[in-house]
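Here is a brief report on selected local features of one protein model. Please keep the sequence and the coordinates open while reading.

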Amino acid sequence: MTRLAWRQLRTTFLLLLGVFVGGMVAISAYTLWRLRGEAVASGLGIAAMHSRGFEDFLTQSLHLTELVALNSLAQSSLTRDARDPRGIERIFVAALQHAPFLRSMSLLDDTGRIVASSNPANLGVKVATQTYLPEDAGRLQILRIGEPWAGRDFASGQPSTAGTPINADSLSFIPVTRSIGLGKGRVTLLFALNPDYFINHVGQKLAAEEGSVSVLRYDGTLLMDSDPGGRPGSLQEPFVRNLRLDEAEFGQFEHDSGEDRPQLIAFRASRLYPFLVVTALDRRQALRQWRTETRTVLGVMVPALLAITLLAIGLYRRQMQLAEQRAESGRLQQINAASVFTNAREGIIITAPDGTIIDVNQAFSRMSGFSREEALGQNPRFLLSGLQDKEFYTAMWSDLTGQGHWSGEIWNRGKSGEMFAAMLTISAVRDDQGRTRQYVALFSDITLLKANEEKLKQTAHYDALTGLPNRVLLADRLQQGMMQIQRRGQRLTVAFLDLDGFKAVNDQHGHEAGDQLLMTVAGRMKQVLREGDTLARLGGDEFVAVLLDLPDITSCAPILNRLIAASAQPVPYGERLLQVSTSIGVTFYPQAEEVDADQLLRQADQAMYQAKLAGKNRYCVFDADQDRSVRSHNERLEDLRRALLADELVLHYQPRVNLRSGAVIGVEALIRWQHPEKGLLLPATFLPLIENHPLAVDLGEWVIARALAQIAEWRAAGLEMAVSVNIGARQLQQAGFVERLAGLLAGQPEVEPGRLDLELRETRALTDLASVCAIISACRKIGVSFALDDFACGHSSLTYLKNLPVSRINIDRSFVCDLFEGGENRAILEGVIGLATAFHRQIVAEGVENVEQGRTLLQLGCENVQGDGIARPMPAADLVAWVAAWQRDAAAAEPASRRCLVTADPS
């Protein structure tokens, strides 16, 4: 080869080597640049999170300040008590006990002078509020924020200015005013906000070395700063102006202050008040992990490039040597190769064609934990993690056999049992005949890179609070599930879950308690699902479960019940136990009509709403026909609830008389609905709607209250009348029934409790006979008597007659109406009357319609009757006249004929 040819070969070699090294450097630089950008973006996201969280906290505190102001006004008229500063002081001091972020609370007169204060030392101090923001245009009743004051309170304080800001180590406070309209005038409340309270809150969330949080007014005045060097009252107007708050309420950016303190800035303006929160994170802290990764990458790339460069130069030099030096060149080549093998940072494995390991380097031992002696003679299978399936290794060996190399990511298990990710490259070493002599595997540890990748994936697809899939990942999994179901010919279930009572927990115990409750309940619900099912959080207290391979509601019921039970378990929070329930809406896919994922979610949401209307803590299945029926039922329930509030329900009264004496012994209150469109409706048309519904208890209490009021009205008119009211088992067994009954009686002190008689119906619904006996006995102690209604019909039992402390039984109208149809009814009547006599109970026969029935009942020993043969149910206004007419007729009757006074309806 000529000298020119050697020179051309050297030029080509150096050019290719330069291109290779330059390419590797460019790739490394690009990778590090991308990683740095991701680290900066993550830091900006964290800063934005802190800004959002502290802005919410400060906004809620200021809102609470407004509530304290309104509450103080509600306790006492400040204008009326202005002459009594001590009275106002007591109100303010009591209010401050619920607002730890306030140092004092004062009242300003029209000249701006403090006339009353929780701190008596503040009296007489004049406070100028002209520069407070927002400007007092039109004397709006809004909360306004002033410049910080130096000192602990107004008495010892001094307002700051842009030219005289407050020293960083001095006490300060923030004045806030709230104007409140009182009639034609208004008062101004002055608050001293304690910035230390809020700065301590920031310190719990953000370490000082990581960054700081500052609060500024819209004009750039610094209100507070967690940075020890911050000076409240200083003006940062150019900084605020550059934020362009009129275009965006929040944002984030990198900022280089020129003081060797590059920062990641995130700001957020309050939605309600004239301030913004600025979070400044130390970029050096945010990039600390990136620097570690950079050192790792450079630590791998530089030695590798150096080794490759040296190897290439060595090869080139060997080619340039004369033939007589080839032996020496070969020896040098072996020395260099051994050095690279020993000192390379990448793990290297050399195997025989059958996979037996014949050599490994030190990097292999460092990464895997296995020494060279432990690895020699083994098959690489001893590193298997179990995370790759058989098809993975089949494809790997197919590429090695066909192409002579394979490259990719793989998970291995080290000697300690810990998994590590590796970027692996395997090459086949072949001889001149193409036969494989060895396999060389080169791998590097990328566990850290995989962890960062997983962290980014977690942020994009999972809920930050609960760790569950978010709305984005739910949409993807639901779409995949729908396609999978179509291929398999199976069904998919979508369940929409909403926590009942979560808002009350948030309002009563705070957002931290709510977050703890959400995390715990989400974990419990996830545990009861099967592998392959998906539980996602949409936001707030709403979740969605996607269940596969469940053909109908019968198959779903066990899982749905487990979800309900899991969510209902109490959640410890400090010394309290938090508890909610769950309403679930269920729908299925596919359906008769084509639906998409959004429609499925809407259907499940609608079914969940029906579950809430049905009483919560249950599940409801979406069905078009059933949905229409449920809506109709709910509308009728709502109509009845509206009727109760609109006073459309009325009571009619049916008299009870003694056939032998002619005396009117009482009336039974019977409910009617005076419908504005349908007229007077009987109870059979609307009472079945509220069976086993809480509205039945409300309606029952309304009937008792109205009956007591009517007794009082009759008594004022000169008519003493006892009233019987029907009461259901649900209402009787409701917690606190006796106390509520006593309260209703106390509301009508002129009514004797003995005038009220409760008729117990639905005895089959009595679940605890001993408890019911105790309730009835307690009612009897306050003077209210009980009766068993519709006796001898339905679920009546001698056990109830024997054990329940009732004073009367009512014979069901069906036996009286059919008295002359066969001897069985007469025999039953004789038996019931005999039982009543044996148990010393009074007896009333219902449903008497004619004279013959009345005479027969008298012969059987039953004197007290009720029915249309005596009088039909009538409005309360008609009863006084009817009683007078009945008593007139009874007095005029001959003693012989008084044995039976049943007549046609005298009303």
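## Contacts of Val725

Beyond its neighbours within four places in sequence, Val725 is in contact with eight residues named here: Ala669, Val703, Ile704, Ala707, Leu756, Asp757, Leu758 and Glu759. The model is a predicted one. Val725 sits in strand β28, residues 723-727. Its relative accessible area is 0%. Val725 is therefore buried, since the cut-off for that class is under 20%.

Thr520 offers a long-range reference point. Val725 and Thr520 are 205 residues apart in sequence. In space, their C-alpha atoms are 48 Å apart.

## Helix α18

Helix α18 covers residues 694-716, 23 residues in total. From first C-alpha to last, helix α18 reaches 34 Å. That is close to the 33 Å expected at 1.5 Å a residue. Just after α18 comes Gly718, with a positive phi of about 95 degrees.

## Cavities

How many cavities of 30 Å³ or more does a search of the whole structure find? There are four. The largest cavity holds about 50 Å³ of space.

Its lining consists of Leu58, Leu62, Ile145, Ile174, Val176, Leu193, Val215, Leu223, Met224 and Phe275. Three elements give two or more residues to this lining: α1 (3-75), β6 (172-182) and β9 (222-225). By class, the lining residues of the largest cavity are ten nonpolar, no polar and no charged.

## Aromatic pairs

The structure holds 18 aromatic pairs. One of them joins Phe392 and Tyr393. Their rings meet edge-to-face, 5.2 Å centre to centre, with 90 degrees between the planes. Phe392 is partly exposed, at a relative accessible area of 23%.

Trp397 and Tyr439 also form an edge-to-face pair. Here the centres are 5.6 Å apart and the planes stand at 90 degrees. Trp397 belongs to helix α10 (residues 390-403) and Tyr439 to strand β17 (residues 436-445), so the pair ties together parts 42 residues apart in sequence. Are the two partners buried or exposed? Trp397 is partly exposed, with a relative accessible area of 40%. Tyr439 counts as buried, at 10% relative accessibility.

Elsewhere, one aromatic cluster is formed by Phe54, Phe57, Phe101, Tyr197 and Phe198.

## Cis peptide bonds

The peptide bond from Leu133 to Pro134 is cis, and its omega is near -5 degrees. Pro134 is in the loop between β2 (114-117) and β3 (143-145).

The bond from Tyr589 to Pro590 is cis too, with omega near 0 degrees. Pro590 falls in the loop between β23 (581-589) and α16 (597-613).

## Positive phi outside glycine

Asn617 is not a glycine, yet its phi is positive, at about 55 degrees. Asn617 is placed in the loop between α16 and β24 (619-621). With a relative accessible area of 39%, Asn617 is partly exposed.

His840 is another residue other than glycine with a positive phi, near 60 degrees. The loop that holds His840 runs between α24 (823-838) and β32 (842-846). His840 counts as exposed, because its relative accessibility is 72% and the cut-off is over 50%.

Methods
Residues numbered from 1 in each chain as written. Predicted model: local features only at pLDDT ≥ 70, side-chain atom pairs only at ≥ 80, totals over all residues. Heavy atoms only, no water. Helix = DSSP H or I, 4+ residues; strand = E, 2+ residues; numbered from the N terminus. Buried < 20%, exposed > 50% of the residue type's maximum accessible area, 1.4 Å probe, protein only. Contact = heavy atoms within 4.5 Å. Expected span 1.5 Å × (residues − 1). 1 Å grid on protein atoms, 1.4 Å probe; cavity = no way out; pocket = protein on both sides within 12 Å on 5 of 7 lines; lining within 4 Å. Points joined across faces, edges and corners; volume = space filled by probe spheres on them. Nonpolar A, V, L, I, M, F, W, Y, C, P; charged D, E, K, R; others polar. Phe/Tyr/Trp six-rings, centres within 6.5 Å; stacked < 30°, edge-to-face > 60°.
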